[in-house]
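Please read the report below alongside the sequence and the coordinates. It begins with a single charged side chain and widens from there to strands, helices and rings.

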Amino acid sequence: MKIRVVPWFEREWTRKSIWQCVLLPMAWLFRCVSGVRRFVFRHGWLKSERLPVPVIVVGNITIGGSGKTPLVIWLVDHLRAAGYVPGVLSRGYGGIEPGPFEVGPLSDAQQVGDEPVLIAMRTEAPLFIGRDRVDVGRALLAAYPDCDVIVSDDGLQHYRLQRIIEIAVVDAEAGFGNGRLLPAGPLREPVSRLASVDFVVINEANNDRARTCAQLSYPGMLPAQPIFMRLSGHVFYNVKDPDWHVLAGDLRGQTLHAVAGIGRPQRFFDHLRYLGLSVVEHPFPDHHPYGEKDFEFGANAIILMTEKDAVKCRSFAREAWWALAVTASLDDRFGADLVAKLRPIYGPQTA
């Protein structure tokens, strides 16, 4: 489940202030409701359903971007290399399609959501969206019976769908904010929830200090050996013609406009500067529905954007618009441990 966040709350969630005293009773109520909901699903008092193939859920316990989408793409590629035939489920947040509905690389992001289109484009795996992930999973398996493992993009709190493996992503820079639950803080569930997942992946956001900070900041809250993920990229592809690529060095010394409608736009801007680029920042809300009027920076302006933004701009993109291709890299042991945990339950059909 994703929630649109008012900027004031985002600022307040990074600290403890007098305003949160007013919100604390609501946060306690939220904690009780979410805790009871998880309890009744775990004990079978509310019905959860299991699909015929194993499900791997990738999610987080906080509101806002944490790096789930690059991890889902990495997982699909890794599972395929291990001999599996993976499919992907997504809520389709930001789109209008209730689903179940199949998403392809050329689907309309305004209809199905930006992240599903990006995942489909990068992986070419079967991908279905919808509000009820059980129904969506069944639709995917009916259309693609060879699929033998499903990756659920988000859905850590969607307990109606049983899962074999849970992966929680933690943003090393944002952490857990002030450590309080909604609406007094950014947490969907208490930090203690991390103790029950199979893997905790820390997105260190290319910050060499983040690994140490994460280990020092969350003592007792994270596994002894969490998995670290690094996002990197220096190649841009043309939004209008994706087969056309340029390197970051080709763009240096020019006036560049950077656009980001993601959970943490500053991360994108900082990465561009890390690549040696001088940019004018244009942050937008996460999942912003772009239109041509959002890009009135001059007829010949060179615009850089994230891949998630690019899939929403393809129909009106100009020649000088570029998207940064980002790739996730993870600790080597993670892939081996993941397959080792999955294979005894259900080996790939090719094994």
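## A buried acid without a salt bridge

In this predicted model, Asp153 is buried and yet has no salt bridge, the nearest side chain of opposite charge being that of Lys68, 5.7 Å away. Since a salt bridge calls for a side-chain nitrogen within 4 Å of a carboxyl oxygen, the separation of 5.7 Å between Asp153 and Lys68 does not qualify.

Asp153 belongs to strand E5, which covers residues 149-153. Leaving aside residues up to four places away in sequence, Asp153 touches Val58, Lys68, Thr69, Val72, Leu89, Ser90, Glu115, Ile119 and Arg133.

## The chain as a whole

The protein chain contains 10 helices and 13 strands, and buried residues account for 52% of its 351 residues. Of the contacts with a separation of 6 or more, 73% involve residues 24 or more positions apart. The accessible surface comes to about 16100 Å², and carbon and sulfur atoms contribute 56% of that area.

## Strand E7 and its neighbours

How many of the residues of strand E7 are buried? In this strand, which spans residues 199-203, 5 of the 5 residues are buried, so E7 is largely enclosed by the rest of the structure. Phe199, Val201 and Asn203 point one way from E7, whereas Val200 and Ile202 point the other way, and all of them are buried.

E7 runs parallel to E6, to which it is joined by 5 bridges, and Val200 in E7 is the bridge partner of Ala168. E7 also runs parallel to strand E8 (residues 227-238), here with 3 bridges, and Met229 in E8 is the bridge partner of Asn203. Val170, which lies in strand E6 (residues 165-171), is buried with a relative accessible area of 3%. The C-alpha atom of Val170 is separated by 9.5 Å from that of Phe228, although the two residues are 58 residues apart along the chain.

## From the E6–E7 loop to helix H8

Glu173 sits in the loop between E6 and E7, and because its relative accessibility is 47%, this residue counts as partly exposed. Glu173 and Arg267 are 94 residues apart in sequence, while their C-alpha atoms are 9.5 Å apart in space.

Arg267 is one of the buried residues of helix H8 (residues 265-274), together with Pro265, Phe268, Phe269, His271 and Leu272. In an α-helix, residues three or four places apart point the same way, because there are 3.6 residues a turn. H8 is followed by Gly276, which has a positive phi, near 90°.

## Aromatic pairs

The structure holds 13 aromatic pairs. One of them joins Phe199 and Phe334, whose ring centres are 5.1 Å apart and whose planes stand at 85°, so the pair is edge-to-face. This pair links distant parts of the chain, with Phe199 in strand E7 and Phe334 in helix H10 (residues 332-342), 135 residues apart. Both Phe199 and Phe334 are buried.

Phe295 and Phe297 also form an edge-to-face pair, because their planes meet at 70° with the ring centres 6.3 Å apart. Phe295 counts as buried because its relative accessibility is 1%. Ring pairs connect Phe295 and Phe297 with Phe284, Tyr290, Phe316 and Trp321 in a cluster.

Methods: Residues are numbered from 1 along each chain as its sequence is written. This is a predicted model: local features need pLDDT of at least 70, side-chain atom pairs count only at pLDDT 80 or more; totals for chains, interfaces and linings use all residues. Side-chain values use heavy atoms; hydrogens and water are left out. Helices (H or I, at least four residues) and strands (E, at least two) are DSSP runs, numbered from the N terminus. Buried means under 20% relative accessible area, exposed over 50%, partly exposed in between (1.4 Å probe, protein chains only). Contact means heavy atoms within 4.5 Å. Accessible areas come from the Shrake-Rupley method with a 1.4 Å probe; for residues, only the protein chains shown count as cover. Two strands pair if DSSP finds at least two bridges between them. Lys and Arg count as positive and Asp and Glu as negative; His and the chain ends are not counted. Rings of Phe, Tyr and Trp (its six-membered ring) pair if their centres lie within 6.5 Å; planes under 30 degrees apart count as stacked, over 60 as edge-to-face and the rest as tilted.
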